[in-house]
There are 2 protein chains.
Amino acid sequence: MTDNKPPRFAFGSRIRPSPFFEATLRWGASAFTAYNHTCMPAQYGDGTAEYAALTNAATLWDVAAERQVEISGNDALAFAQYLTPRDLSSCIPGKCRYVLITNADGGVINDPVLLRIDDNVIWLSAADSDLLLWCRAIAAAGGFDVSLREPDVSPLQLQGPKAADVAASMFGEWVRELRYFHLRKFDYEGVPLVVSRTGWSGEYGYEIYLCDGERGDWLWERIMAAGEPFGIRPAAPSAIRRIEGGLLSYGADINQQDTPMHLGLERLMNLDGGFDFIGKDALMKQKSIGRKLMGVVMDGDPLAMPLARWRNVLSAEGGARVGKVRSAVYSPRLKQNIGIAMLDKPHDEAGTQLFAEGVIDDSGRCLKVCQMPFVKNTAAG
Amino acid sequence: MTDNKPPRFAFGSRIRPSPFFEATLRWGASAFTAYNHTCMPAQYGDGTAEYAALTNAATLWDVAAERQVEISGNDALAFAQYLTPRDLSSCIPGKCRYVLITNADGGVINDPVLLRIDDNVIWLSAADSDLLLWCRAIAAAGGFDVSLREPDVSPLQLQGPKAADVAASMFGEWVRELRYFHLRKFDYEGVPLVVSRTGWSGEYGYEIYLCDGERGDWLWERIMAAGEPFGIRPAAPSAIRRIEGGLLSYGADINQQDTPMHLGLERLMNLDGGFDFIGKDALMKQKSIGRKLMGVVMDGDPLAMPLARWRNVLSAEGGARVGKVRSAVYSPRLKQNIGIAMLDKPHDEAGTQLFAEGVIDDSGRCLKVCQMPFVKNTAAG
């Protein structure tokens, strides 16, 4: 009954276009996903060419779907601190932090980059869950003196080893000096931008936050023109590179049942930091975590596409279900299928041999547990 | 630079498959969307044939993406009442209610069907926003004695004038007697189901909630086989029929900035009901609403596809922006383009002539404001 054509993306007004939407279509976006109720390009025809440009030159990504939650007011920093286990006391204006947002059980409900735009203005660059909804509920209940809104801010990512060359040719040499997880706010040809030295690739790069949704087409074309001498190409967030780098995808690798300990992200928690936050009691009490997120390498033919759904992991002896592969992809540079799996203890030890159902085809594949990242990240420069 | 092929839907493990996913592919699903972080078929090749089957025979929809928020515990009803302006005191076990969930400003953050499954068990059949996240934040802050979770429940919709014949041939004659917005919980061949006389089509129909995600393929095939003599076909939620019926789509027609008054849904509020709920103060104070959601009919060639994004509405005199068309589609039975628009007062009066930018093509189209529904709903039977 099927015609074997790959299913189309159904556009509709429930899923918002980004300010770069027309530009991405013009530049050949061939697949889309929805992220924060917003369209996001997921491929431009040739994923391998995108990966090559990302790791050798420069790529431009429409990630306007990373919607910002703007927290402003006298309690902006205090409110942000109440949302996350990570100590924000050293996060002065101009700095960014990768943070986990936890619920009362310590479960992670989003993992944004936090940008301290100003003394009393903070942005949370949201992953794919309704973070503004969460913040509004918490703020109303807690009596914080803050205003919350989704501002007219739409990020692009400029990622790859030549990203600094592209950015410097547009914005000036100062952008080469912008330190990792620092930001700068400025006008570019009269259009308000924020640029941060952040990204989701493991490569050197920037996020460029357009603060005027009417100028999306203009900004996209400016960057593509500036990048042309450096071999820039449009690309989507790279499943290959981010899994190589051990960067997690909210909703794929993380959900509300996972605490920071399940994710191996204890470094993002300060339980003895002397500040209160949602989930602190639950996280203080969590002794035995039961399961942990780990890397896995899998034998068998290369995966043609990133894994489309979680797959069961079985123990090598006996075949009991001991976890799930949550993400997986073929790495051209490692010449190996690599993935991220949540594994019951004690099957989470590096070196453990396990078995995955249906990852490549209907038959199973052997897998071996390993540490992440698979490839060294060069993002910090 | 583009190859003019319609963009693909990018499958990936961030967007969950439904238990009916394989079945829908087998039956020809040709377009998908993401809804509540879950894949949902949006078309099966021929939208006109789907509409014809819906209005003349029967259709089966995979709406497992309507994820359920289960509220259980001693305070289940009290907690649900705190979430919505609609009086739930007469919603005894076995009944359903269409409700709006409001934030502290009175803005609508979801519009689920509420199912009173049992004395102390309520489901909210969520539209496309993270309702569980909202409920968890509210419950933690308010000290309610409730448990919250997303249970293993996946709805199908069986909609159309022959829906009762299909359902009766499977479940027995009792299902013809199930009253509008009533539900029944039972086992069908050992598999736990809930069936409610609800739906999102304006036609007579049922929602069938599968309570065992392993049996999706089996249930789908059972219903298709039972429906074959009645001309059933697989279909997606019909943009045509729901706009004809004036049924709203959360995220398209409704967002957090809209109160029930903006939506013309005062009937879903009981401000003098003697109960407290989130947003009550704000809604009591709201005097002048400024804008209102209305129907619009538009001239010009038939829309080939449902509107893919909001479009500006201009006043006929002077061309000032006075609102947005939020949804629109061509109705084959009305032989007219119809839509739903949020319009500034006084441009919201039925009969007002306005102008819409880019609805059909780059040139504008005249539109006329009207009441909804466009077509009488037969859902109540």
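Analyst: Two strands pair if DSSP finds at least two bridges between them, with strands (E, at least two residues) and helices (H or I, at least four) being DSSP runs numbered from the N terminus. Now the ground rules: this is a predicted model, where local features need pLDDT of at least 70 and side-chain atom pairs pLDDT 80 or more, while totals for chains, interfaces and linings use all residues. Residues count from 1 along each chain as written, chains are lettered from A and ligands numbered from 1 in written order, and side-chain values use heavy atoms, without hydrogens or water.

User: Let's try a sheet. In what order do the five strands of the open sheet in chain A come?

Analyst: Strands of a sheet pair through backbone hydrogen bonds, either parallel or antiparallel. Here the order is β6-β9-β10-β5-β11 in chain A, with antiparallel pairing. β6 (96–98) and β11 of chain A each have a single partner strand, so one side of each lacks a neighbour in the sheet. On average, neighbouring strands are turned by 20° against each other, direction ignored.

User: How many bridges join β5(A) to β10(A)?

Analyst: Five, and β10(A) covers residues 121–125. In that pairing, I71(A) sits opposite I122(A). On the β11(A) side (residues 147–149), β5(A) has three bridges, again antiparallel. There S72(A) faces S147(A), and E70(A) has R149(A) as its bridge partner.

User: Which residues point one way from β5(A), and which the other way?

Analyst: In a regular strand the side chains alternate between the two faces of the sheet. From β5(A), Q68(A), E70(A) and S72(A) point one way, while V69(A) and I71(A) point the other. All five residues of this strand (68–72) are buried, so β5(A) is largely enclosed by the rest of the structure. (Buried is under 20% relative accessible area, exposed over 50%, partly exposed in between, with a 1.4 Å probe and protein chains only.)

User: Which strands does helix α3 of chain A lie across?

Analyst: α3(A), residues 76–83, lies across β5, β9 (113–118), β10 and β11 of chain A, at about 130° to β5(A). Helix α4(A), residues 131–142, lies across β5, β10 and β11 of chain A, at about 160° to β11(A). Angles run from 0 to 180 degrees between N-to-C directions, and axes are lines fitted to C-alpha atoms, for helices over the stretch in contact.

User: And loops: is L88(A) buried or exposed?

Analyst: Buried, with a relative accessible area of 1%, even though L88(A) belongs to the loop between α3 and β6 of chain A. Beyond four places in sequence, its contacts (heavy atoms within 4.5 Å) are L77(A), A80(A), Q81(A), R97(A), V99(A) and L114(A). Its C-alpha atom is 9.1 Å from that of A78(A), ten residues away along the chain.

User: At roughly what angle do α4(A) and α4(B) cross?

Analyst: Two packed helices are described by the angle between their axes and the distance between the axes. For α4(A) and α4(B), that's roughly 15°, with the axes coming within 8 Å. They're therefore roughly parallel (under 35 degrees; over 145 is roughly antiparallel, 65 to 115 roughly perpendicular, the rest oblique). Among the residues making the contact are L133(A) and W134(A) of α4(A) and L133(B) and W134(B) of α4(B).

User: At what angle do α3 and α4 of chain B pack?

Analyst: About 110°, with axes 11 Å apart, so α3(B) and α4(B) are roughly perpendicular. F79(B), Y82(B) and L83(B) of α3(B) meet W134(B), C135(B), I138(B) and A139(B) of α4(B).
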